[in-house]
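Here is a walk through one protein chain, strand by strand and then into the core. Have the model open as you read.

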Amino acid sequence: MNTRLKSLSVESLKGDSLVNDVVLLGRLGQDPELKRTQAGKEFCVLSIATSIGKGDQRKTEWHRVEVWSAAAQTCERYLKRGSRVFVRGRLKSNEWEKDGMKRKDWRVVAYDVRFLDREEGSRGR
């Protein structure tokens with residue numbers, strides 16, 4: 001997907017502006033998973049690993065990313081476990097109750113996904 005990145009500067013944050021902008025550069029930990037909502041909308045779930053530090057201090061973080069609409073099919077078709085990707089999106093929380101306990105998780109809803117591997121071949125689908 002080739003969409004132009006919007007630049008964000010301190011000067012552009014005027015008045016009561018609030019920002020929810022996430023940027024990730026990492027690798028997929030598993031093949032993308034194409035899903036549908038009850039209303040029939042398609043979305044793709046990506047599990048992206050990022051890491052910081054070196055050697056024994058290296059720490060890996062896992063991020064759940066949702067990609068919607070036609071981009072979901074593109075991700076499912078061309079990405080695979082180990083693919084290197086750049087993602088830009090917004091952070092979204094989800095709350096629910098299970099077994100009487102309140103639960104909450106966080107995910108990134110992507111609005112820009114870039115495939116960074118040189119070979120963007122189909123997985124044969």
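Let's start at a turn: β2 and β3 form a hairpin with five residues between them, and G40 in that turn has a positive phi of about 95 degrees. Helices (H or I, at least four residues) and strands (E, at least two) are DSSP runs here, numbered from the N terminus.

Before going further, a word on what you're looking at. This is a predicted model, so local features need pLDDT of at least 70 and side-chain atom pairs count only at pLDDT 80 or more, while totals for chains, interfaces and linings use all residues. Residues are numbered from 1 along each chain as its sequence is written, and side-chain values use heavy atoms, with hydrogens and water left out.

The pLDDT (the predictor's confidence in each residue, from 0 to 100) averages 87 over the protein chain, and 82% of the residues score at least 70. Over residues 1–5 the pLDDT is below 50, though this stretch has 13 contacts in the model beyond near neighbours in sequence; contact means heavy atoms within 4.5 Å. Where pLDDT is low, the predicted coordinates should not be read in detail.

**Pairing around β3**

Back to β3, which pairs with several strands. Two strands count as paired if DSSP finds at least two bridges between them.

| Strands | Sense and bridges | A facing pair |
|---|---|---|
| β1 and β3 | antiparallel, two bridges | R27 and A49 |
| β2 and β3 | antiparallel, four bridges | K35 and F43 |
| β3 and β4 | antiparallel, 10 bridges | L46 and V65 |

β3 and β4 also make a hairpin, with six residues between them, and G53 in the turn has a positive phi of about 85 degrees. β3 is mostly covered, with eight of its 11 residues buried. Buried means under 20% relative accessible area, exposed is over 50%, and partly exposed is in between (1.4 Å probe, protein chains only).

**The core**

Now for what's inside. A nonpolar core is a set of buried Ala, Val, Leu, Ile, Met, Phe, Trp, Tyr and Cys residues joined through side-chain atoms within 4.5 Å. The largest one has 18 residues, and L46, V65, V67, C75 and V87 have the most contacts inside it. At least two residues each come from β1 (22–28), β3 (42–52), β4 (59–68), α1 (70–78), β5 (84–98) and β6 (101–115). Of these, β6 gives the most, with four residues.

Take V87: leaving out residues up to four places away in sequence, its contacts include V22, L24, I48, V65 and V108.

What about the helix? In α1, the buried residues are A71, A72, C75 and E76. Seen down the helix axis they fall within an arc of 135 degrees, so they line one face of α1; the arc is that of the directions from the axis to the C-beta atoms. These buried residues pack against β2 (33–36), β3, β4 and β6.

**Two arginines in β6**

Is R107 in strand β6 buried or exposed? R107 is buried, at a relative accessible area of 11%. Its side chain joins that of E66 through a polar contact of 2.6 Å. A polar contact is a pair of N or O atoms within 3.5 Å; within protein, one must be able to donate a hydrogen and the other to accept it, and residues adjacent in sequence count only if both atoms are side-chain atoms. Beyond its neighbours within four places in sequence, R107 is in contact with R64, E66, R90, L91, K92 and N94.

R114 lies in β6 too, and is partly exposed at 23% relative accessible area. The R114 side chain makes a polar contact with the side chain of D112 (3.3 Å). The C-alpha atoms of R114 and F86 are 5.1 Å apart, with the two residues 28 apart along the chain.
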